[in-house]
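Colleague: I am new to reading protein models, and I would like a close look at one part: the charged pairs. Could you walk me through them slowly?

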Amino acid sequence: MTDELINRAAEDIIKAKKVVALTGAGMSVESGIAPFRGKGGIWEKYDPVEYAYIDVLRTDPGKTWILLSEMQKEILKAKPNPSHLSLAELERLGFLSSIITQNVDGLHHEAGNKNVIEFHGNHRQAYCMECGKQIKSEEISLETLPPRCDCGGVLRPDVVFFGEAIPPEALTKSNQETRSCDVMLVIGTSAEVQPAASLPDIAKSSGATIIEINIEETGFTGYTSDYFIKGKAGEILPKIVNKVKDESTNLSA
Ligand code: OAD
């Protein structure tokens with residue numbers, strides 16, 4: 001069954017004029033980064049209302065930085081896994097227009113993808129909330145929390161907190177990509193957080209085929225998704241890309 005769906009996905013990708021991927025935390029689990037929801041998820045340990053809202057960062061930055069420092073350590077040591085490398089290859093082969101990612105780990109760029117829309121920002125970059133000075137996260141010492149700029153202001157990663165708007169450029173570009181694709185790969189996301197979770201519905205209402213890859217069913221499964229491929233992204237995506245390579249070489253031979 002899974003093999004049939006993998007073949008079907010490869011065919012849909014080859015036939016499509018434009019393929020876009022929407023990715024979530026499930027992509028990076030195989031790189032050692034914890035997801036947000038489910039077993040072992042970040043929100044099991046830290047209540048987002050207490051730790052992840054912009055108001056908390058402003059009023060009690062030391063508390064938010066307990067969560068942020070944990071994420072930062074995980075992100076800075078993570079490397080792209082086969083799922084990231086497969087999407088990079090798909091773009092290199094000319095079969096993937098862009099990735100809209102909710103992930104803040106920068107692993108799609110590190111894998112080699114050029115057209116990546118970071119919907120929730122990037123944790124590898126930070127700036128001072130007082131003077132705006134930019135700094136790479138790897139240069140931030142986590143010995144005393146919250147970390148501070150030379151000016152004394154609190155540093156924050158360049159990510160979107162709950163209660164903050166999606167960066168306008170990312171929102172505009174994502175909408176354009178979503179409305180103009182004819183296949184959307186929805187990979188490793190729980191479909192829980194808006195506005196990202198509405199992108200597959202927008203793509204579908206513009207006529208796109210939605211292919212979902214996840215280890216478990218989500219709110220998209222059976223509704224928004226045209227079909228669901230159950231499995232780890234790092235196992236399913238390399239198979240799809242190999243099939244795309246085989247089939248597209250056969251076509252051009
Ligand atoms: P979640 O943690 O909500 O969901 C991760 C999804 O990945 C789940 O559906 C898992 O079943 C799936 N999954 C886990 N391991 C997988 C694997 N190896 N292969 C494929 N799928 C796997 O993460 P997101 O949907 O990305 O926002 O969460 C969306 C947003 O919620 C995040 O960007 C973050 C969070 O609150 C902000 O912080 C603003």
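Colleague: To start with, does D12 count as buried or exposed?

Modeller: Happy to help! A word on the source before we begin: this is a predicted model, in which local features need pLDDT of at least 70, side-chain atom pairs count only at pLDDT 80 or more, and totals for chains, interfaces and linings use all residues. Residues are numbered from 1 along each chain as its sequence is written, and side-chain values use heavy atoms, with hydrogens and water left out.

Now to your residue. D12 counts as buried, at 15% relative accessibility. Here buried means under 20% relative accessible area, exposed means over 50%, and partly exposed is in between, using a 1.4 Å probe and protein chains only. The partner of D12 is K15, and the two form a salt bridge whose closest N and O atoms are 3.9 Å apart. That term stands for a side-chain nitrogen of Lys or Arg within 4 Å of a carboxyl oxygen of Asp or Glu. Why can such pairs form? Side chains of opposite charge can pair when their charged atoms come close. D12 and K15 are separated by about one helical turn because they sit three residues apart in helix α1 (residues 2-15). Helices (H or I, at least four residues) and strands (E, at least two) are DSSP runs, numbered from the N terminus. Unlike buried D12, K15 is exposed, with a relative accessible area of 63%.

Next comes a pair that joins two elements. E110 and R124 form a salt bridge, with 3.5 Å between the closest N and O atoms. E110 belongs to helix α7 (residues 107-111) and R124 to strand β4 (residues 121-128), so this pair ties together parts that are 14 residues apart in sequence. Both ends are partly exposed: E110 has a relative accessible area of 37%, and R124 has 22% relative accessibility.

Another salt bridge brings together the side chains of D226 and K204, at 3.2 Å from N to O. This pair links distant parts of the chain, 22 residues apart, with D226 in the loop between β8 and β9 (227-230) and K204 in helix α9 (residues 199-205). D226 is partly exposed at 36% relative accessible area, and K204 is partly exposed too, at 30%. Returning to E110 and R124, salt bridges that share partners join these two and K79 into one network. For the wider picture, a search of the whole structure finds eleven salt bridges.
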